Amino acid sequence: MEKNGIGTDASIPVHINNICERNYVKLERDRRLVPTTLGIVLVHGYQRIDPDLCLPKMRSQVEEQLNLIAVGKVNYRDILQHTL
């Protein structure tokens, strides 16, 4: 996540916990995350809608745009229109 500019030091554990609680992955004894059948099916569904939805760059770009909105550098309506 850090390598792809997703989340912050504080939010990364929350993201990992969420995907575990939602049963998208299982945490193995060696601390590896292994996708569950539900996680795999979810990703395949997103890929059928839009292959970019599953790429880390998509999440990174969204976070970047949200940060620009937060500091007042862009208008949220412009970002919303672009996204839609």
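Q: What volume does the largest pocket have?
A: In this predicted model, the volume of the largest pocket comes out at about 1000 Å³.

Q: And how many residues line the largest pocket, and which lie nearest its centre?
A: The lining of the largest pocket is made up of 23 residues, and those that lie nearest the centre are Ile-19, Val-43, Leu-53, Cys-54 and Arg-59.

Q: Which helices each supply at least two residues of that lining?
A: Helix H1, which covers 12-21, helix H2, covering 37-49, and helix H3, covering 56-70, each supply at least two residues of the lining of the largest pocket. The largest share comes from H2, which contributes 5 residues.

Q: How do the residues of the lining divide into nonpolar, polar and charged?
A: For the largest pocket, the lining holds 17 nonpolar residues, together with 4 polar and 2 charged ones.

Q: OK, and the second largest pocket, what volume does that have?
A: The second largest pocket has a volume of about 190 Å³, and the residues that line this pocket are Met-58, Gln-61, Val-62, Gln-65, Leu-66, Ile-79, His-82 and Thr-83. Two or more of its lining residues are given by each of H3 and helix H4, the latter spanning 76-83.

Q: Which element gives the most to the lining there?
A: That is H3, with 5 residues in the lining of the second largest pocket. By kind, the lining of this pocket divides into 4 nonpolar and 4 polar residues, with no charged ones.

Q: You listed Cys-54 earlier, so how many disulfides does a search of the whole structure find?
A: The search of the whole structure finds 0 disulfides. Cys-20 is in no disulfide, and the nearest cysteine sulfur to it, that of Cys-54, is 18 Å away. For two cysteine sulfur atoms to count as a disulfide they have to be within 2.5 Å, so a pair 18 Å apart does not qualify.

Q: Are those cysteines buried or exposed?
A: Each falls in between: Cys-20 is partly exposed, with a relative accessible area of 26%, and Cys-54 is partly exposed too, with a value of 28%.

Q: Switching topic, how many salt bridges turn up in a search of the whole structure?
A: The search of the whole structure finds 1 salt bridge, in which the side chains of Arg-32 and Asp-30 meet at 2.8 Å, N to O.

Q: Why does Arg-32 count as partly exposed?
A: Arg-32 counts as partly exposed because its relative accessibility is 49%, and exposed would require over 50%. Its partner Asp-30 is partly exposed as well, with a relative accessible area of 49%.

Q: What does Lys-26 touch, leaving out residues up to four places away in sequence?
A: Apart from those sequence neighbours, Lys-26 touches Arg-32, Leu-33, Val-34 and Thr-36. Lys-26 itself is found in strand E1, residues 25-27, and counts as partly exposed because its relative accessibility is 46%.

Q: And where is the place of Thr-36?
A: Thr-36 sits in the loop between strand E2, residues 33-35, and H2. With residues up to four places away in sequence left out, Thr-36 touches Asn-23, Tyr-24, Val-25 and Lys-26.

Q: Why does Thr-36 count as buried?
A: Its relative accessibility is 10%, and buried means under 20%, so Thr-36 meets that cut-off.

Q: Last one, how far apart in space are Lys-26 and Val-41?
A: Lys-26 and Val-41 are 15 Å apart in space, taken C-alpha to C-alpha, and they are 15 residues apart in sequence.

How values were computed: Residues numbered from 1 in each chain as written. Predicted model: local features only at pLDDT ≥ 70, side-chain atom pairs only at ≥ 80, totals over all residues. Heavy atoms only, no water. Helix = DSSP H or I, 4+ residues; strand = E, 2+ residues; numbered from the N terminus. Buried < 20%, exposed > 50% of the residue type's maximum accessible area, 1.4 Å probe, protein only. Contact = heavy atoms within 4.5 Å. 1 Å grid on protein atoms, 1.4 Å probe; cavity = no way out; pocket = protein on both sides within 12 Å on 5 of 7 lines; lining within 4 Å. Points joined across faces, edges and corners; volume = space filled by probe spheres on them. Nonpolar A, V, L, I, M, F, W, Y, C, P; charged D, E, K, R; others polar. Salt bridge = Lys/Arg side-chain N within 4 Å of Asp/Glu carboxyl O.
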